[in-house]
Amino acid sequence: MKSIHTFIIAAGSLFLTCILPACKHLDEKPDNLLTSEILWSNRANAESYLYNIYGAVLEIDYPHIGISDEASVSIPGTNVRQMVAGNWSSVNAYYDHWDNYYTGIRSSFIFEANVDKVPESQLSTALKTQYKAESKFLRGWFYWQLIKQYGPVVKLTSALALNDDFNKYPRNTFDQCKDYVNQLMDEAAVNLPVNWASSSDYGRPSKGTCLAVKSQLALWAASPLWNGNPAFASLKNQDGTALAPSSYDANKWKMAADAAKAVTNLNAFQLFTNLDNGGSRFDPYFSVRDLFLANWNREILFSRNSWNYWGYTKASSPNPGGINVYNATQNIVDAFCMNNGRTIDDPLSQYKETGFADNSGAESWGHKKGQWNMYANREPRFYAYIQYNGRPVLPAPTVDDKNYYSSAGNIDGTGRIEFYYSGKAGAKATGITNNITGYNFLKNISPADNIRQDVTNYRPFIILRYAEILLNYAEALNEYDPSNPEIVQTLNLVRNRAGLPGIETVYPAAVGNKELMRKYILRERQVELCFEGDRYYTLIRRLLLGAPENQTIYTMNVNEDDGGQGFAFTSFYKRTLFQKRAWENKMYLFPISQYQLDRDRALVQNPGW
Amino acid sequence: MRLTTIVLLFTLMQVSAATFGQRITLNEQRVSLKRALEKIHNQSGYNFLFDRNVLKGINPISISIENEELETAVKKILHNLPLTYLIDGNTILIKPKESSILDKAIDKLSSIFSDQEIRGKVTDLKGNPIPGATVTVKGTKKATATDVDGNFKIKADKNEILVVHLMGFVTKEVLVGDQTEIMISMAEEDKTLDDVVVVGYGKQKKVTITGAVSTINMADMQTPNRSLSNSLAGKVAGIISMQRSGEPGYDNASFTIRGIGTFTGNTEPLIIIDGVQRDDVNSSFGGSYNNIDPEDIQSISLLKDASATAVYGARGANGVLIITTKRGTAGKPQISIKTEASMSGLTKTPKMLDGVSWMRLYNEANINDGNQPVYSEEIIQKTASGLDPYLYPNVNWIKSTYKDWAPGFNSNLNVSGGSQSVRYYVSASFYNQDGSYKVTKQNDYSPNLNFKRYDFRTNLDIDLSATTLLSMNLDAMLVSSRYPGLSASKIWYNAYLTPPIAFPIQYPDGSWAGPFNNGGSNPLNEIQNSGYSTEFRPTIQSIFSINQKLDKLTPGLSAMARFSFDSYSENDNRRTGRNNLFLASGRDADGNLILNQSRVGEQFLGYSQSSAAEKKMYLETNVTYDRRFGSHHFGGLFLYNMRSRVVSSAGDVISSIPYKNQGMAVRVTYDYADRYMLEFDAGYTGSENFEPGKRFGFFPSVSAGWVISKEPFFKNLSATFNLLKIRGSHGVVGNDQIGFSGNVKRFPYLGQYGSGRSIGLGFNGTIFNGITETVFGVENLTWEKATKDNLGIEIGLLNKLSITVDLYKERRKNILIARSSLSGILGVTGTVFANLGEMNNQGVDANMEYTDKMGNVSLRLYGNFTYNNNKIVERDEPKQQYAYQQATGQKLGDNLMYIAEGLFTSTEQIAKSPSQFGANLKPGDIKYTDVNGDGVVNSFDKVYTGKSDVPTILYGAGFTVGYKGVDLSLFFQGIADVTFMANGSAVTGDGAQGAGIVPFTGMGQYPSGMLANLEDRWTVNNARQDAYYPRLGISNQNSNNYQPSTWWSKDGSFVRLKQATLGYRISDALLTKTAIKSVYFYLSGQNLLTFSKFKLWDPELGANGAGYPPLRTFALGLKATL
């Protein structure tokens, strides 16, 4: 019967054994975890920190998918559709990238302040210098994107602290922001190569990238939006500081032309052609198409070498393999020239809007007999960039895949897309609430992909390419020196690569005529850079987006029942008014979101918002 | 028995010895014990051995002995003293009474020399035998229990006292005297005064409790519900409970005690089962406590104020729910059986528009929008005729998806009993419930939901000695269920989303219909043919404890150690896949359907699995003290515990680190004559979540009570007022469970880095992953502190009516929040924490119960009421441009909305009004108030309305009336002062927000199906301001008419007939010849009726009408005891 004692002792000692080791019971903390000391003592971590900054560079965004007249998104609830319907304010600030870019900006400061802590044995001084240059480029890039979207923003030169009074950071002026971006680009350019020697560095900015950004920014500053725009006279800080330049300065066009010329002068970039890709004979179609599909080429000035090309292809492709979300408009279709280099409104262009084509085009990639005349004999870029009714599907490699796109009666192994009402990509199958236009994007779509099976192949996402710099140059030069022969030369580089004759042969009257030439340059830009986000920003900086013709969107007559006629249904090809988009001039700038205004009381809102 | 050894242990004082006679005569008044013993020594010559310390504290005694035997004399002297004796030769050892081998020796000796066997019978006051009562001989270890007939046998000396004890009866003491046959009758305890209530780490007499503690009448918990939290609603004051889903297995109610005290961290109460924290056992599944069969529960206590919860320190701020399971009592095996068969249906399924009305209204919406009508009269007529349902389908998807009744079954068998030293309670229960999907077994599997639960429980109590109790609880539970291949919420969403005219369910050849390219879904097909998942969730919960009485150190002291481990896992095997779908495009020349394959399915179902597991370890040691000195009663508790919880499937380093807690608790109670009570409670607890030096917090509380009805001056009133008591408490409790909601992470004091965004580099775009700050380390973080006050009054009238009312107030500070006033230009990626939040919470709760018996009729009436309101005091909110948009100062859950003034009546009115949403406003659209008067209605014109979807008023009321063997009970439960935003924003799925509610919204191929209520709309010809829907249009959440506004803010109050039971107990007379003790049949119903102003769906679902509503259940049951 010693059990009682035993238990007393047991209970007592249990009590003690609990208390004694107890002091350490809570000494639980994440061991072996990444802390800031470890982060900056190790090359891999420091590099990863830099990669994260790159993550703030955006890919497909609102300008690519339907905020301008070139495109529409089929789903009415999506943000771009809300924006073009005018359902847009500082409170539901769509595509509000403010936080995204400022986190990138903060990280770039932290990176530059700390990367030198990594031991030399792991990371050489040369690499540290290069990385800091990349970080500076990225900060400049983020500011540049903020300027495009919001106008001048808060310029920071170091990371802020948690307990800072954020209410004392007003917006800087447009010129201060612009100068800061130029300064960062200059600083970065010093320590970056003209072009990357090793392919493993593709995707990093080069000296060429820095200069190209300066070209973009210079053109932006010269354009009417920020060059003495009276609408921005009211854009002032609370202390009265005017944020926009108040008067027009014609010299800014010269600066813009010089900035573009600086890129050209590097002699490191050229327009891609299919010859670069192993082609034996120059072919404009394969040149303008494969420019986007090659793993790398010398036209690329800045790219993001990882992006969701599957999602883009899926959304751009027609049903049933794709989902028909990104739609090209009749407006952009009409902007493409005929293959003789003439615009379709030109009586000499031989453009016909009615009837079916009697013959196929000369090239394999051209139109086919029986397709609507509207699509016949257009310029090569039309076939490379526009999916129209009856044009065979591209991302479908096998006959079986192609047939998948055809109704029973249309199966012929080519996969002609059926945008008509009862077709497989038509309004009936895709839903009557969805407003498709009768066109999809074909740019950046690869024939090696199989979107029905969701198979896609690698390609970089090109953010900035040399063709844009050439067009920047032509445009700026035309504004201050319309008689300069380099205008025609530069513009023709782009036209010739696209298989079009020189502008001076088609429209000689434009040569030396500033207004006329401007029209052709902007049209060239519209076609060459379609679906690349440029159209929206060109219309913005030229103060053209609000023009009624750019807000009135036409489509094909997709919602009329073809009664089983299929491709033979001619009413399909009736131009149909789709949208008169809601426009107010305040939309030339995005609103600064109320969330940000609430957290920095020194910020002033953009005019009209 | 080497007595000498023991004797040598004492400091001895020998009294001089001589030889004298054995008869003693002694008459002394107020003489010291030592002096009395000396006199006996002088008379008898026996030597007395004792430790000086033994006599310390013994008051002078008065003795009157006439010619008694020596031993009797010694006994009489020591009677009522904490001393005992041992005679060895001519030496008498005097020693403290204690439980030791010496006691045993004494007992043995005395039994040899003097004990006689006593026979007795214990009955109640009516003479019915009482089995299972414990009979002990006072001051000895001798004990026995009464048998079934109340009989007992025990050896006792005639001077000894028998103590008869049984829970629920007044303990009785009887002097043996010369009797050998003793009849003992026991009175039932006056329950209101002597009820014992389970409180934090112990039990207290109900009348002396000074904190706010409610208990739940277990009789009210006998429902066919699977989930315990679900049965709690309305049963007791202070519980705020809402059941947001009725899907079997996922139907737990979310509940809080006394409302919501914090706006970020965990708000759920601590759940204690049999003394061990178990709220997070199977927490991802609502907590395993929900699966305990109510038959196995002895009691449920609700600890509500700081006094009651302070001992839980940093875990007590949200209140504590203590569940105690049943234990065995000595006696023959008592067998109880309960078995129930039930049929369950959905309380309310929404009525949907039929195809014809849908098309007409869709046309109307299009015309209103300025478009052409879409459906021609011909198509509408073809659909209406129903002649070709394959080309012109008209399907009510909700009716095709859900069936009216699904069977269920549950059963519990438990056995309790035991001998005097080993007692047991073992039980087994089984629960089975089918889902309400209208599916069948096809393709070799049935996808219908089936929920099964097995629950085995063993509670053992073993008296290792009279002072040592070893207890062990083992509970093994298995939930084994099957679910369709997609979630219940998805199924509901699909049934809402799919329009009636989209496609038929199946074509005549048996092929299933569905759209191309996933442009919508066929709801029934998705359930029937998407596969299934089987889930099993075993849980083991165990407790091993030893309780040692330490009366020998000082009477009333005991110590206890408890160790517990719990482990559970969740294991899912999923077989999911897609089948072929077809869509008819027309009929061929022969009139046969032309079917196009719209989806290519998979031949076999795919396979995937997931599993997760957790373990919990808990260790507790405590010392308690409970002793009465006359009218003074002291109680004390000192406790130490530690706990650790490990998640095996944590998924990241931070979550894989054990969650650890450690704490101490102290309780000191004092009461004088059950009249004046004073209590101090404190917890000192620590959590691993904070930085060293900040881990521990001290949480004290004081409380006091006064039982006025026990005052002498109250005597005249006591015939009416059997109880009048007031009590109050004040204290601080904490909440360290700050890592539960949103992105609040663990170890917020440490800067943490995690994976960030990435970049592709090189010719093939090799991905390089980035790292970024995920948590921005901030120093000096600590737990939430809740300061709580409580004032309560308890009234008992005529021994029939009892009323308890509590007023309470809480101020929660240091709420750990993610900073929200940080500007975007700061550019921090991770969350930044700060103890900045503050919130107030206050309310009233009250319970009432009335019981009476009039002849053969018995009546019990009960009710409870809870009112609770809260206010956010601080949440690091930047100053809003308009003060009325400041969330600070508002109620939690109060959302900004527009003020709807009504519907526009004319285009002139629209032209004169501030601009609103969209450019094409027309009469019949909602007109909003331009609150800031800037000429534009935009989000600055949203205001707070003071309404929330968390109810401020909850109540429950019911009665039971019995007549002879028949009884009927009804229980109503309700909530009030609750609103929800019925603009569809809560109806979310893969497609459009607001499916079924926002007219013809849709993101896929089809505009959404619609509630039949869409007919109740504004039209040009019937321009009613009181229409449910404004002017129709193709709308979405951004449309003018579906902005969150007072138009869509609906009153969510309801009253439910939650339970109704009609029962019949077979009279005892019929059972006398059988082994059966009682048999009770009953028919019960759950959620039978609902009364609410809101008619479209079950109001308890709140804003998300597309949810699995609570079940309406009818059950037929039988209970028997053997």
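Guide: Let's start with pairing: two strands count as paired if DSSP finds at least two bridges between them. One thing to keep in mind is that the model here is predicted.

Visitor: What makes β20 and β21 of chain B a pair?

Guide: Strand β20 (residues 297–303) and strand β21 (residues 320–325) of chain B share six bridges, in the antiparallel sense. The rule asks for at least two bridges, so six bridges make them a pair. If you want a spot to look at, I297(B) has T325(B) in β21(B) as its bridge partner.

Visitor: Which sheet does that pair belong to, and in what order do its strands run?

Guide: Follow β15-β20-β21-β18-β19 in chain B: these five strands form an open sheet with mixed pairing.

Visitor: Why are β15 and β19 called edge strands?

Guide: In chain B, β15 (213–216) and β19 (276–277) each pair on one side only, and that puts them at the edges.

Visitor: Let's move to single residues. Why is V163(B) called buried?

Guide: Buried means under 20% relative accessible area. V163(B) comes in at 12%, so it is buried. You'll find V163(B) in strand β10 (residues 161–165) of chain B. The C-alpha atoms of V163(B) and A1075(B) are 31 Å apart, with the two positions 912 residues apart along the chain.

Visitor: And K399(B), buried or exposed?

Guide: Exposed needs over 50%, and K399(B) has 59% relative accessibility, so exposed it is. K399(B) sits in helix α11 (residues 397–401) of chain B.

Visitor: What makes K399(B) part of a positive surface patch?

Guide: Lys counts as positive, and a patch takes residues with over 30% relative accessible area and no salt bridge, joining like charges within 9 Å. K399(B), at 59%, is over that accessibility cut-off. The patch is formed by K348(B), K351(B), K399(B), K438(B) and K1095(B).

Visitor: Over in chain A, why does V194(A) get the label "partly exposed"?

Guide: That label covers what lies between under 20% and over 50%. V194(A) has 31% relative accessibility, so it falls in between. V194(A) lies in the loop between α7 (174–190) and α8 (207–222) of chain A.

Visitor: On to charges. How do you know that K261(A) and E486(A) form a salt bridge?

Guide: The test is a side-chain nitrogen of Lys or Arg within 4 Å of a carboxyl oxygen of Asp or Glu. Here the N to O distance is 3.0 Å, so the pair passes. This salt bridge links distant parts of the chain: K261(A) is in helix α9 (residues 251–264) and E486(A) in helix α17 (residues 486–497) of chain A, 225 residues apart.

Visitor: What class of accessibility do those two fall into?

Guide: K261(A) has 26% and is partly exposed. E486(A), at 24%, is partly exposed too.

Visitor: What makes R575(A) and E353(A) a salt bridge?

Guide: Their closest N and O atoms are 2.5 Å apart, and the cut-off is 4 Å, so they qualify. R575(A) is in the loop between β7 (552–555) and β8 (576–580), E353(A) in the loop between α12 (330–335) and α13 (380–385) of chain A, 222 residues apart. R575(A) is partly exposed at 31%, and E353(A) is partly exposed at 25%.

Visitor: Why are R457(B) and D475(B) both called buried?

Guide: R457(B) has 3% relative accessible area and D475(B) has 6%. The limit is under 20%, so both are buried. They also form a salt bridge, with the closest N and O atoms 2.9 Å apart. R457(B) is in strand β25 (residues 450–465) and D475(B) in strand β26 (residues 468–484) of chain B, 18 residues apart.

Visitor: How many salt bridges turn up in the whole structure?

Guide: The search finds 97 over all chains. Some residues of chain A are linked in a network of salt bridges, including E299(A), R381(A), K443(A) and E528(A).

Visitor: What share of each chain counts as buried?

Guide: In chain A, buried residues make up 63% of the 609 residues. In chain B, 56% of the 1122 residues count as buried.

Technical notes: Residues are numbered from 1 along each chain as its sequence is written. Chains are lettered from A and ligands numbered from 1 in the order in which they are written. This is a predicted model: local features need pLDDT of at least 70, side-chain atom pairs count only at pLDDT 80 or more; totals for chains, interfaces and linings use all residues. Side-chain values use heavy atoms; hydrogens and water are left out. Patches are made of residues with over 30% relative accessible area and no salt bridge: like charges are joined within 9 Å, nonpolar side chains (Val, Leu, Ile, Met, Phe, Trp, Tyr) within 5 Å. Accessible areas come from the Shrake-Rupley method with a 1.4 Å probe; for residues, only the protein chains shown count as cover. The place of a charge is taken as NZ of Lys, CZ of Arg, CG of Asp or CD of Glu. Helices (H or I, at least four residues) and strands (E, at least two) are DSSP runs, numbered from the N terminus. Buried means under 20% relative accessible area, exposed over 50%, partly exposed in between (1.4 Å probe, protein chains only).
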